[in-house]
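Trainee: I would like to go through this model one question at a time. Please give the reasoning before each result.

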Amino acid sequence: MTFDERYDGYLAQIETALAGYFGEGRRGFGFDGLLRAMDYSLMAGGKRIRPVLVLEFCRVCGGDTRAALPVACAAEMLHTYSLIHDDLPCMDNDDLRRGKPTNHKVFGECTAVLAGDALQAEAFGTILRSGLPPLRRARCAEALADAAGKGGDLYAAVSSARDKNLRLQEELRGELRRVGLPEDWLDAQYLCDKCLDTGYDGDRLCECLLARYREEQRKSLSALCRLGSSTFDEFDLDYYDSEPDPRTGVSPRESMDVVYEYCVRYAEKFGGRHTKNLFMRGGTGLGKTFLAACIARTVSERGFSVVYDTAAGLFSLMEREKFGRADDEEEARGDVERLFACDLLIADDLGTELTTAFTVSALYDIINTRLADGRWTIFTSNLSDEELRARYTPQILSRLEGEYHVLPFYGRDIRLLRRDRE
Ligand SMILES: [Zn+2]
């Protein structure tokens, strides 16, 4: 018989014997949870090298391998105990062992500690309860204890390691003092005491990280539009005519008051059940860009992800992602992903782009994908109905009309008025 054949024979005996210790047949005593945890790790597979070696050495020495089986199983229990404890959060903190969740991941840390402890005790119990002659049981238990704990050597090893560690710490403090640094200079100093700089407060994003996100977003908003810092308070209704429009009887100022209030409420309630997609329309210089930027800022400050760009800028981003150079592509891909995935996309000045088959299909893609994903979008545009029809496909127009709330802007070009006043 070859060793491989004997190995298979040993393995079959060992697996059967191990399954009998804490498996189903032993349950029902009120500590099933612990037995289940012990059984889980003991039966989690593995090569069983230790118990096989016990049996093979027994054979080589002329012993009866069947009588040695409990000792072989004891070696495996002790090994399993060491694995369970090694994986614990206070040790290696491993989530997986042989492709399966570690003991504490399945049963919790307390049970895992106890299961390890119990397996260690059971290892010696199994030897002591075996049918071997008393002196041989004692020798086996002693051999296992020596191999596992290294007896007196362990204490010496721990003491010397501790002394060395303390010495090194003292040396380090001395060095720090020497260069004029505080002794705790190398200790972790956390910027955020709440999450210890992990960014997570429990399973939620910590306030410190949210603030960081908002700050980064504000910076990128400012980079994209000079109006990243625009606030609703700066909006001045005085620039709009209070003379009623002869056709409607309503003055631009009154209309814009309504539009302004709508935008403020929109930004404050963004994300709620009543949030709509917006299409801000009207001539140049009526404050569309300004109010869109105010919405961007407020919504962003409330913690939502916002992408703000001119329509032309968005299309050229998508073009770069599709046709760009390789070194450019990576970054563009990230930006394009962001524009599809952000909570609010604001595309300013639709219609100022050079209209091509690509931009039209890109626009349709943006509108359609974001509608399908339930994400909100705001477009602003100076184009008249005729100009819109001339540039875009009926599919695009029907979605802009059907799925977007149109916000009309009235009055005369504020930029010209402001110049006249100055
Ligand atoms: Zn924090």
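Mentor: Keep in mind that this is a predicted model. The protein chain is divided into domain 1 (3–149) and domain 2 (225–421).

Trainee: What distance separates the centres of domain 1 and domain 2?

Mentor: The domains cover residues 3–149 and 225–421 of the chain. Taken over C-alpha atoms, their centres are separated by 68 Å.

Trainee: Is Leu-78 buried or exposed?

Mentor: Leu-78 sits in helix H4 (residues 65–87). A residue counts as buried if 20 or more other C-beta atoms lie within 10 Å of its own. Leu-78 has 21 such atoms within 10 Å, so the class is buried.

Trainee: Which residues is Leu-78 in contact with, leaving aside its neighbours within four places in sequence?

Mentor: Contact requires C-beta atoms within 7 Å. With the neighbours within four places in sequence left aside, the contacts of Leu-78 are Gln-120, Ala-123, Leu-144 and Ala-148.

Trainee: How many ångströms separate the C-alpha atoms of Leu-78 and Asp-238?

Mentor: Along the chain, Leu-78 and Asp-238 are 160 residues apart. In space, the separation of their C-alpha atoms is 84 Å.

Trainee: What is the order of the five strands in the open sheet?

Mentor: The pairing is parallel. S6 pairs with strand S7 (residues 344–350) over five bridges, and S7 pairs with strand S8 (residues 376–381), also over five bridges. The edge strands, each pairing on one side only, are S6 (306–310) and S9 (404–408). The order is S6-S7-S8-S5-S9.

Trainee: Which residues stand opposite Leu-345 in these pairings?

Mentor: Leu-345 belongs to S7, and Val-307 stands opposite it. In S8, the bridge partner of Leu-345 is Thr-377. The two residues are therefore Val-307 and Thr-377.Trainee: Why is S7 largely enclosed by the rest of the structure?

Mentor: The burial of each residue in S7 settles this. S7 is largely enclosed because the number of its seven residues that are buried is seven.

Trainee: Through which helix does the chain cross from S7 to S8?

Mentor: The path is a β-α-β crossover, and it is right-handed. The connecting helix covers residues 357–372 and is H14.

Trainee: Which helix gives the most to the largest nonpolar core?

Mentor: That core has 47 residues, and Ala-292 and Ile-346 are among those that touch the most other members. Ala-292 is in contact with Ile-346, among others. With eight residues, the helix that gives the most is H11 (residues 288–301).

Notes:
Residues numbered from 1 in each chain as written. Predicted model: local features only at pLDDT ≥ 70, side-chain atom pairs only at ≥ 80, totals over all residues. Pairing = 2+ DSSP bridges. Helix = DSSP H or I, 4+ residues; strand = E, 2+ residues; numbered from the N terminus. Domains from an automatic or database assignment. Buried ≥ 20, exposed ≤ 12 C-beta atoms within 10 Å, placed from the backbone. Contact = placed C-beta atoms within 7 Å. Core = buried A, V, L, I, M, F, W, Y, C linked by C-beta atoms within 7 Å. Right-handed = clockwise from strand over helix to strand, strands pointing away.
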